[in-house]
Amino acid sequence: MRQTLVAGNWKMNGSREGNRRLLDGIKAGISEGVNAEVVVCPPAIYIPQAARRLNESGIAWGGQDLSQHESGAYTGEISAAMLWDYQCKYVIIGHSERRSLHAETDAQVAEKFIAAQKTGLTPILCIGELLTEREAGETEAVVARQLDAVIDAAGIEAIAGCVIAYEPVWAIGTGKTASPQQAQDVHAFIRQRVAAQNVDVAEKVRILYGGSVKPDNAAELFAKADIDGGLIGGASLDAEGFLAICRAV
Ligand code: PEP
């Protein structure tokens, strides 16, 4: 049985004071018990704060991105080893905002994936189609291309040690959620694509849904057979909302 994972992507939001309240609020709520593994991904500069406040809370923390390079002349970048240094367990890779705003290619995403795993981090690999691609009937081709780029570079066994997040780009931050069936269909497609190469890996890998998940739609999404949790953006910035999503598991 795969354990459900609920991951909060704070994007470029937060302040020391606001984070303190948010982290303590989540910590207090989680201590009452939820059925999911929970991870928060603050902006990199606040990872040490998360590490301090969440220490021994049972809540994990992670990065929102990392460099594919180990170290050196890459101004502004953060390496896998640096995230590891602050006990990050997870790192989001290939988020659609990185792909669109920072022109990250499938090949670069694959390199980041490998850099993360080499250091011991668990990648949360984001894949998903644009609205134009969905309307053109290309959803499966797009997610297959994005997934295959990583499988080809890292090998199918590497998928067992990662989390995949299916995030239709048209649903991220827009308030438009994929219907539970639309999401389930793509999740099943992703799992079958992995299964075509390795059935055990397909059974193990957790596939999260992301895109305007809210307390009122989480339970229906998480109830689907191939949806193993969520990657939550906007709703993870409010402790009560995020906790309600965690409890929807
Ligand atoms: C995200 O940032 O990955 C995301 C899913 O955002 P939101 O929940 O706000 O749509």
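Select first the loop between H2 and S3, where Glu-56 lies. In this predicted model, Glu-56 has a positive phi of about 60 degrees although it is not a glycine. Most residues other than glycine have a negative phi. With a relative accessibility of 77%, Glu-56 counts as exposed. Helix H2 precedes Glu-56 in the chain.

Move next to the loop between H3 and strand S4 (90-93), and select Gln-87 there. Gln-87 also is not a glycine, and its phi is positive, about 60 degrees. Is Gln-87 exposed, partly exposed or buried? Its relative accessible area is 48%, so Gln-87 is partly exposed, since the exposed class begins over 50%.

**Helix H2**

Return to H2 and display Ile-47, Gln-49, Ala-50, Ala-51 and Leu-54, the buried residues of this helix. To see what covers them, add H1, S2, strand S3 (60-63) and helix H3 (80-85), which are among the covering elements.

Within helix H2 (residues 47-54), centre the view on Gln-49. A relative accessible area of 8% makes Gln-49 buried, because the buried class lies under 20%. Which side chain makes a polar contact of 3.0 Å with that of Gln-49? The partner is Asn-19. Leaving aside residues up to four places away in sequence, Gln-49 touches Ser-15, Arg-16, Asn-19, Arg-20 and Leu-23.

**Helix H1 and the loop before it**

Select Ser-31, which belongs to helix H1. Ser-31 has a relative accessibility of 62% and therefore counts as exposed. A distance drawn from the C-alpha of Ser-31 to that of Ala-103 spans 40 Å, with the two positions 72 residues apart in sequence numbering.

Then select Met-12 in the loop between S1 and H1. The relative accessibility of Met-12 is 80%, so this residue is exposed. From Met-12 to Gln-182 the C-alpha distance is 29 Å, and the two are 170 residues apart in sequence.

**Helix H5**

Select helix H5 (residues 106-119) and find Lys-112 in it. Is Lys-112 buried or exposed? Its relative accessibility is 2%, so Lys-112 counts as buried. To view its surroundings, display Asp-65, Leu-66, Ser-67, Gln-68, Ile-93 and Glu-104; Lys-112 touches each of these, residues up to four places away in sequence not being counted.

**Helix H12**

Proceed to helix H12 (residues 239-247) and colour Ala-239, Gly-241, Phe-242, Leu-243, Ile-245 and Cys-246, which are buried. Which elements cover the buried residues of H12? They include three strands to select, S1 (5-9), S2 (37-41) and S8 (229-232), together with helices H1 (16-31) and H11 (215-222). Strand S2 and helix H1 thus appear among the cover of H12 and among the cover of H2.

**The aromatic pair**

Select Tyr-166 and Tyr-209. Across the whole structure, the search finds one aromatic pair. Its members are these two tyrosines, with ring centres 6.4 Å apart and planes at 55 degrees, so the pair is tilted. The pair links distant parts of the chain, for Tyr-166 belongs to strand S6 (residues 163-166) and Tyr-209 to strand S7 (residues 206-210), 43 residues apart. Both Tyr-166 and Tyr-209 are buried.

**The ligand**

Finish at the ligand. How many residues surround the ligand, and which come nearest? There are 14 around it, and the nearest are Lys-11, Glu-167, Gly-173, Ser-212 and Gly-234. By character, the shell divides into four nonpolar, eight polar and two charged residues.

Three distances to oxygen atoms of the ligand can be displayed here:

- From Glu-167, a polar side-chain atom lies 2.7 Å from a ligand oxygen.
- From Gly-173, a polar backbone atom is 2.6 Å from a ligand oxygen.
- From Gly-234, a polar backbone atom is 2.8 Å from a ligand oxygen.

How much of the ligand does the protein bury? Taken alone, the ligand exposes 290 Å², and the protein buries 97% of that area.

Methods:
Residues are numbered from 1 along each chain as its sequence is written. This is a predicted model: local features need pLDDT of at least 70, side-chain atom pairs count only at pLDDT 80 or more; totals for chains, interfaces and linings use all residues. Side-chain values use heavy atoms; hydrogens and water are left out. Buried means under 20% relative accessible area, exposed over 50%, partly exposed in between (1.4 Å probe, protein chains only). Helices (H or I, at least four residues) and strands (E, at least two) are DSSP runs, numbered from the N terminus. Contact means heavy atoms within 4.5 Å. Rings of Phe, Tyr and Trp (its six-membered ring) pair if their centres lie within 6.5 Å; planes under 30 degrees apart count as stacked, over 60 as edge-to-face and the rest as tilted. A polar contact is a pair of N or O atoms within 3.5 Å; within protein, one must be able to donate a hydrogen and the other to accept it, and residues adjacent in sequence count only if both atoms are side-chain atoms. A residue is near a molecule or strand if one of its heavy atoms lies within 4 Å of it. Accessible areas come from the Shrake-Rupley method with a 1.4 Å probe; for residues, only the protein chains shown count as cover. Ala, Val, Leu, Ile, Met, Phe, Trp, Tyr, Cys and Pro count as nonpolar, Asp, Glu, Lys and Arg as charged, and the others, Gly among them, as polar.
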